[in-house]
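This report describes the internal space and the charged side-chain pairs of a predicted model. The sequence and structure are shown first.

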Amino acid sequence: MAPLSLETSHLQIRWLDFDDAEFIFQLVNDPDWIRFIGDKGVSNIDDARDYIKTGPMEMYREHGFGLNRVALKENDKAIGICGILQRETLPEPDLGFAFLPDYRRQGYAFEASTAVLEHGHAILGLQRIAAILSPQNMISANLLGKLGFSFDRNYQAEPNTDILDLYIMDMGNQ
């Protein structure tokens, strides 16, 4: 499968590579990332490269999709990630996204997510997409509603882990 490359009116979306390590280091150490997604133990650039290799790159190899780098089209500045993941703990693939603080609440997450979801349905043939998030993450919950997701239920991946909100979108109805 060819690496993903999408373009929207403001954004370029592509697979992550090792050149993105500094950006990933910055993103995963953002306080909101740690609060809502969790500490990934990325404490230096080598850890960031390892995160890219064992996370997104491994998912690209196994499933043909994963988290993607989102950059501004005008200057190729990386501002966030958005993609579809396949977790062992969920029956459906799920949408994931995170953006640097300076690029939140400007429509970029909606624009990137819309493109990724359209690609997932039209090219990957996905019929249902999940999304999981912390119940306290109301900004992301609002975005999921705008995208067409509906709250399904509370969800716990494994015993002794946080209870999350599970959202579902039936792509056949979009």
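## Internal cavity and salt bridges

One cavity of 30 Å³ or more is present in the structure. The space within the largest cavity comes to about 60 Å³. Its lining draws on separate stretches of the sequence: L4, L6 and W15 contribute, as do G64, F65, G66 and N68, together with I84, V116, H119 and L124. Sorted by class, these lining residues comprise seven nonpolar and four polar ones, with no charged residue among them.

Charged residues appear instead in the salt bridges. Side chains of opposite charge can pair when their charged atoms come close. The structure contains twelve salt bridges; three of them are set out below.

| Salt bridge | Closest N and O atoms |
|---|---|
| R69 and D20 | 3.0 Å |
| D32 and R104 | 2.7 Å |
| R87 and D94 | 3.0 Å |

The pair formed by R69 and D20 has its closest N and O atoms 3.0 Å apart. Because R69 belongs to strand β3 (residues 67-72) while D20 sits in the loop between β2 (11-15) and α1 (21-28), this salt bridge ties together parts that are 49 residues apart in sequence. Both partners, R69 and D20, are buried.

In the pair of D32 and R104, the closest N and O atoms are 2.7 Å apart. D32 is found in helix α2 (residues 31-36) and R104 in the loop between β5 (94-99) and α4 (108-122), so the contact links parts that are 72 residues apart in sequence. Each partner is partly exposed: D32 has a relative accessible area of 31%, and R104 has one of 29%.

What is the solvent accessibility of R87, and what is that of D94? R87 is partly exposed, with a relative accessible area of 33%, whereas D94 is buried, with a relative accessibility of 0%. The salt bridge between R87 and D94 places their closest N and O atoms 3.0 Å apart.

Beyond individual pairs, salt bridges with shared partners connect R14, D17, D20, R69 and D76 into one network. The buried residues R69 and D20 are therefore joined to each other across 49 residues of sequence and are also members of this network.

Note on methods. Residues numbered from 1 in each chain as written. Predicted model: local features only at pLDDT ≥ 70, side-chain atom pairs only at ≥ 80, totals over all residues. Heavy atoms only, no water. 1 Å grid on protein atoms, 1.4 Å probe; cavity = no way out; pocket = protein on both sides within 12 Å on 5 of 7 lines; lining within 4 Å. Points joined across faces, edges and corners; volume = space filled by probe spheres on them. Nonpolar A, V, L, I, M, F, W, Y, C, P; charged D, E, K, R; others polar. Salt bridge = Lys/Arg side-chain N within 4 Å of Asp/Glu carboxyl O. Helix = DSSP H or I, 4+ residues; strand = E, 2+ residues; numbered from the N terminus. Buried < 20%, exposed > 50% of the residue type's maximum accessible area, 1.4 Å probe, protein only.
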